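Q: I have a protein model open and would like to learn how to read its strands. Could we go through it together?

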Amino acid sequence: MDVFALSEAVRERKVSPVELVAQTLAAIESKNDQLNAYITICAEDARKEAAQAEADIMRGEWRGMWHGIPVAVKDMILTAGVRTTLGSKVFERFVPEQDATVVRKWKEAGAIVLGKTNTHEFAYGPTGDKSHFGPSRNPHNPQKITGGSSSGSGAAVAANLAYAALGTDTGGSVRIPAAACGIVGMKPTFGLVSKYGAFDLGYTLDHVGPMTQSVRDNAGLLNLLAGYDHNDPYSLSWPEEDYARLLGTAIRGKVIGVPRWYYQHVKGEIVQALQQVMEVYRALGAEVREVELSMMDELVEAQRITVQAEASAVHEKTLRDYAADLDQEVCERLLDSKEVRGYQYVQVQQRRGRLTASYNEVFAGVDVLLTPTLPILPTDIGQRTVMIGDYQDGVRPALLRLTAPTNFTGNPSLSVPCGFSKDGLPIGFQLIGKHGEEAKLYQFGYAYEQETRS
């Protein structure tokens with residue numbers, strides 16, 4: 001059952017938080033050696049917190065849907081008293097003294113953090129297979145990548161090693177593993193969720209987002225995470241919203257835009273899966289319409305320059321003092337990032353408002369955009385080139401190509417699973433909306449999920 005249903009069973013004392021935690025820890029013990037989803041497991045603390053949650057609920061002090069639910073946190077996000085490694089030897093023994101805002105909110109809601117999930121070192125890679133602690137492995141085929149950088153969070157949720165997880169997303173790092181592992185992942189509007197206490201990679205690109213097994217759970221978690229935080233200089237002071245409010249509302253008469261640019265150099269099986277998604281939406285009464293977005297190549301390049309310049313600034317001291325301790329590929333990427341010139345970064349930021357406004361003009365005629373999340377299926381661990389028909393691409397740029405643009409524009413983007421390849425690998429589609437329209441994305445994602453649920 002999803003967390004919404006499970007939490008009701010917990011509230012009604014039909015399900016015990018102690019048993020939930022024990023069962024999930026047993027699953028972790030059974031599967032984590034193979035999947036490498038977790039770097040740090042907080043078994044003793046989780047059992048104590050489960051016992052406390054159960055005692056509170058027995059007294060009628062139920063705090064809401066996350067009370068007593070076992071969850072996981074990406075190891076880029078600070079957790080008080082529990083090491084936060086960033087997937088790096090450099091931070092292998094770093095133990096923060098305080099929680100990130102999102103972790104504090106989750107704990108206050110009664111969630112039980114089972115541990116810290118694996119991440120591509122410094123979150124600087126979409127494959128998820130370059131961590132000091134080894135690669136995370138895809139639960140659907142352990143020889144394949146989970147996608148990154150929220151690699152362990154994707155694997156943990158997909159393999160039932162947590163009921164939900166937090167990820168961070170700078171170029172697609174929530175949505176890529178969500179699609180690759182067959183779960184739901186949301187990159188919210190930039191600034192909607194506080195990133196205070198999430199280690200930076202790109203100051204103006206980073207997002208914290210929820211990763212869950214269902215759309216409804218995802219909306220419920222965003223309800224908890226969203227909100228203004230004075231500690232985050234990019235935080236938005238918007239009115240409180242219920243992001244689950246449109247779940248179950250009909251989409252008949254709504255318009256879905258299909259941008260041609262997003263369907264270039266995409267694996268045939270993925271295109272076929274997206275065509276089936278379009279047919280489901282048409283059967284639900286929505287209009288599916290092709291649209292043009294002329295600024296996309298410029299957006300991709302702008303995001304690349306931005307992440308390189310900002311990552312270089314974040315890791316200037318790391319690269320200077322600890323280069324020998326870094327994964328070679330991550331180190332090389334940071335060295336490449338230093339080549340971006342100051343004038344290039346400034347010019348891109350000057351164009352940012354225009355590019356974002358131009359991108360959002362499409363929503364004058366459509367409610368949401370529908371795209372593949374990824375143009376390729378999960379590749380082998382360590383693989384760095386891929387054939388897409390007759391076109392050869394690098395695995396890293398291919399994984400980032402369809403997700404990175406909305407990190408630059410800040411638009412909310414939701415990845416929803418839509419079946420499997422002939423080899424049993426997950427496929428996901430992406431719904432993109434106007435700033436602040438997460439509820440609408442959940443409406444469309446939930447409509448598809450309910451219509452296709454077996």
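Q: Let's begin with strand 7. Which of its residues lie on one side and which on the other, and are they buried or exposed?

A: Happy to help! This is a predicted model. A residue counts as buried when its relative accessible area is under 20%. In strand 7, V255, G257 and P259 lie on one side, while I256 and V258 lie on the other, and all are buried. Both faces of the strand are therefore covered, with buried meaning under 20%.

Q: Which strands does strand 7 pair with?

A: To read pairing, look for bridges between strands. Strand 7 (residues 255–259) runs parallel to strand 8, with 5 bridges joining them; here P259 is opposite V291. Strand 7 is also parallel to strand 9 (residues 368–372), joined by 2 bridges, and G257 faces L369 there.

Q: What unit do strand 7, helix 8 and strand 8 make?

A: Follow the chain from strand to helix to strand. With helix 8 (residues 268–283), these two strands form a β-α-β unit that is right-handed.

Q: What is the order of strands in the whole sheet?

A: The open sheet has 11 strands, in the order 1-3-2-4-6-5-12-13-9-7-8, and its pairing is mixed. Strand 1 (38–41) and strand 8 (287–291) are at the edges with a single partner strand each, so one side of each has no neighbour in the sheet. On average, neighbouring strands are turned by 30° against each other, ignoring direction.

Q: Where is there an antiparallel pair?

A: Try strand 5 (residues 184–187) and strand 6 (residues 207–212), which are antiparallel over 2 bridges. G185 has M211 as its bridge partner in strand 6.

Note on methods:
Residues are numbered from 1 along each chain as its sequence is written. This is a predicted model: local features need pLDDT of at least 70, side-chain atom pairs count only at pLDDT 80 or more; totals for chains, interfaces and linings use all residues. Side-chain values use heavy atoms; hydrogens and water are left out. Two strands pair if DSSP finds at least two bridges between them. Helices (H or I, at least four residues) and strands (E, at least two) are DSSP runs, numbered from the N terminus. Axes are lines fitted to C-alpha atoms, for helices over the stretch in contact, and angles run from 0 to 180 degrees between N-to-C directions. Buried means under 20% relative accessible area, exposed over 50%, partly exposed in between (1.4 Å probe, protein chains only). A crossover is right-handed if, with the strands pointing away from the viewer, the path from the first strand over the helix to the second runs clockwise.
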